[in-house]
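User: I have some questions about the terms used for this model. Please set each value against its definition.

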Amino acid sequence: MKKVLMWEFVGFVSLLLVLGAFSMPLFDDQFMGKQENEIIIRLNAEEAGGFMPGEITVKKGETVKLVLVGQDVTHGFKIEGLMDDVGTINPGEKKIVEFTPQESGVFVMMCTVYCSPNHHKMTGTVIVED
Amino acid sequence: MSKPEKKDIDLLQVKGVGKPLKRILQWRGFHFTFILVNLFVFVIVLTAGFFGNPMGNMNFSIAVVWILWFAAVEFMILFGGRTWCTLCPLPAFGEWTARRKLVGVHKQKRWLSKDKKWPKKLDNMWVSALGFLGISLILPWLVTRPVVTGTLFLLLIVFGFLFALIYSGRFFCHSICPASSYIGYHSNASLFGVRARDKSVCEKHIAKECIRGGPKGYGCPWKLYPGGHEDNTYCGQCYECLKSCPMDNMTIKLRRPSTIVRELTNVAVKAKGKYDEAWMGFTRFTLAIFYELVFFGPYWFLKDWGNMGVNFGANLPTIGLLTPTLGGFQNWLMWVLIVAGVALLAYPAAFYGFSWLAKKAAKDKTKPTKQVFLSFSYALVPYGLFLWLAFAITILMVNWAYPLTAFSDPMGWGWDLLGMKFAWSPIVPDLIPYLQAPLFLIGLTFAIVVTYNIALKLFGSHKKAVRATTVMTVLHVATALIFVWIIMG
Amino acid sequence: MGTSKWTLVLAILLTLSSLSLLGSSAEGSHERVIVIEAKQFTFEPSIITVEAGEEVIFHVWTSDVTHGFYIDGTDIKEEVKPGEIVVVGPITFDKPGKVKIRCSVTCGPLHPFMTADVVVEPNYTFYGFVALTLVVAGATLVYINRSYKKSEEPTEE
């Protein structure tokens with residue numbers, strides 16, 4: 001009888017562990033192997049959320065590494081006044097780009113390759129603080 | 001003059017393999033372990049489906065389920081019958097709750113589980129088969145939008161749970177689950193079969209633990225009589241009978257082609273009023289051909305109609321993107337008409353017409369046309385299966401990279417958990433038709449042979465059977481040529 | 001159904017398949033320019049018929065998002081971005097039969113099914129498999145007609 005209960009217990013604990021996999025999305029940073037100075041930006045069509053996150057805040061004079069991850073279709077990327085067009089990023093691809101903002105202010109990041117009917121609205125903001 | 005029938009392979013008595021396999025199947029932890037592994041995959045499907053990348057081929061829920069899993073199930077049917085049902089996590093929560101045990105044997109109590117008898121009206125595969133057809137109506141969305149797949153499987157697991165609280169045993173699996181009908185239907189063309197070794201042992205054995213349950217196992221949750229059944233339609237391969245039989249009389253048979261034909265013929269000839277199974281056959285057969293045309297053919301409008309003209313992927317937060325225009329919705333209605341029309345009306349009508357002609361050619365007056373029609377429909381058990389295998393091969397060889405990559409990046413967010421990322425690169429795609437050809441030709445041959453055996457039993461004479469078979473062969477060849485034209489023309 | 005029957009079927013299958021793989025390639029080559037539009041989720045035109053041995057140059061452009069251009073049985077895998085015209089080729093299709101053009105860059109939900117057909121005439125593969133299907137069906141009918149005399153009646157349950 002005790003042995004049966006023990007196996008039930010083992011089974012139950014395994015079940016809980018398996019259900020724990022629901023928490024998988026919470027470990028995004030770890031599973032991306034995100035470094036200290038990296039910011040991950042995922043590229044979606046504007047209708048599907050656009051740049052995620054849509055707004056980032058950085059410090060003037062500090063080098064920022066952006067990890068651009070393509071999600072749904074091919075996008076392009078540039079930051080008006082901070083970064084030239086870096087080329088295309090296909091779904092599943094990652095592009096790591098760096099920039100060091102010299103001035104504070106608000107800059108606009110935009111998609112540079114037609115990706116959906118709302119392509120021209122696909123923008124985000126880069127806030128550079130002192 | 002009868003020659004001794006060559007015996008099927010008794011898998012559990014095969015040297016070196018049989019004994020360890022039997023110990024595994026009789027170990028109560030086996031079922032639980034495999035279901036747990038699948039449950040893990042299932043959790044990933046739901047999580048990725050609802051919250052992952054809205055682009056289907058980047059998402060585990062689409063890439064693994066509709067490229068890898070469904071194709072694997074088709075092959076499992078051929079070699080292992082209802083092996084998927086053995087491992088399926090959908091009824092698991094319900095079964096554990098109703099049994100009030102994860103692993104051990106326990107007399108089913110009334111608390112929480114009502115243990116009701118199955119309603120007679122649902123003791124067939126109508127709900128399941130129509131569910132399968134219903135899914136086909138939204139197939140372009142189901143196999144490309146993560147949230148649709150996530151929703152479907154969430155609903156299935158909820159129903160799997162609820163039905164087990166109301167009805168005893170595997171009612172959900174037997175009568176409701178949309179996969180169950182086709183897996184069970186085509187399992188009659190499988191090499192695999194759970195059978196009693198020696199029926200005379202069962203006849204003398206009164207206690208019948210295989211039905212009632214005993215100290216070592218539950219009674220068959222599919223409400224079969226394991227000692228007697230000679231077909232695979234509703235045996236879910238849970239192996240409770242293997243565990244509960246005290247006479248060690250249950251085993252797995254690897255059936256020889258002649259046995260497969262013989263047992264399938266018996267199912268076909270004995271089928272009275274089983275139009276649910278006939279329509280399952282018609283649906284599966286026509287859809288295999290139709291999907292090959294739609295998904296891999298050049299007629300874009302068909303894809304677009306089924307897709308309602310929506311160009312966005314969707315997960316749960318972006319589910320609003322699945323709003324079609326009025327025109328897109330109207331086009332989808334055309335798709336519904338075509339799919340339902342061909343599967344439910346056009347092909348069955350043609351089949352009926354040919355059955356009538358076959359009966360005329362056989363000059364038979366003893367069997368009603370309905371019976372001939374119904375029995376001959378079982379030729380689609382192997383024919384439809386092999387056509388689906390041909391379709392599955394296309395999907396696997398072209399898009400294999402997506403599911404394998406999805407194991408490393410289930411959410412489609414850019415992870416690399418297993419260091420396993422593959423670039424899309426079809427495997428010898430120009431040779432795919434040459435791999436599909438042997439499959440559908442085997443299916444066609446099988447269909448003709450089975451039709452002949454059925455006709456022989458129905459009409460009684462060899463000459464009549466040959467004439468009837470020749471008529472049906474015209475139909476089967478015509479559909480094969482349609483498939484040839486789609487893949488090579 | 002004995003093994004000899006399966007061997008017979010297999011033999012016919014193999015013979016006819018190898019016959020259909022042979023093809024005559026046309027003498028001489030003449031360039032043909034095909035303008036092909038990639039869009040969600042097809043190529044326009046979606047059925048292209050060429051002669052065996054014909055040299056083809058594709059001019060590929062996209063009317064919406066970035067697509068890929070991939071041809072079965074070749075090394076061709078190009079990206080086609082909005083605003084560009086990608087010149088692919090010259091390619092010579094010398095094997096008769098049908099190959100597909102596929103999209104090789106994720107471009108939307110129906111991307112895995114975005115294809116076009118290139119039919120290389122004369123389409124011996126098609127004729128060969130039509131013939132093979134008829135032969136297999138015929139041979140099976142002949143076999144069941146003959147084998148009755150040898151085998152026993154299926155046993156009654």
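The turns below deal with helix packing and a chain contact.

Analyst: This is a predicted model, in which local features need pLDDT of at least 70, side-chain atom pairs count only at pLDDT 80 or more, and totals for chains, interfaces and linings use all residues. Residues are numbered from 1 along each chain as its sequence is written, with chains lettered from A and ligands numbered from 1 in the order in which they are written.

User: What makes H3(B) roughly perpendicular to H8(B)?

Analyst: Helix H3 (residues 60-80) and helix H8 (residues 146-166) of chain B pack at about 70 degrees, with axes 8 Å apart. Angles of 65 to 115 degrees count as roughly perpendicular, so H3(B) and H8(B) earn that term. Axes are lines fitted to C-alpha atoms, for helices over the stretch in contact, and angles run from 0 to 180 degrees between N-to-C directions. Helices (H or I, at least four residues) and strands (E, at least two) are DSSP runs, numbered from the N terminus.

User: Which residues make the contact of H3(B) with H8(B)?

Analyst: Ser61(B), Ile62(B) and Val65(B) of H3(B) and Pro146(B), Thr149(B) and Gly150(B) of H8(B) make it; two residues are in contact if their C-beta atoms, placed from the backbone, lie within 7 Å.

User: Why is H10(B) called roughly perpendicular to H15(B)?

Analyst: The axes of helix H10 (residues 178-186) and helix H15 (residues 275-296) of chain B cross at roughly 95 degrees and come within 10 Å. That angle therefore makes H10(B) roughly perpendicular to H15(B).

User: How many residues does each chain give to the contact of chain C with chain B?

Analyst: Chain C gives 43 residues and chain B gives 54 residues. On the side of chain C that touches chain B, H2(C) supplies the largest share, 13 residues.

Note on methods: Angles under 35 degrees count as roughly parallel, over 145 as roughly antiparallel, 65 to 115 as roughly perpendicular and the rest as oblique.
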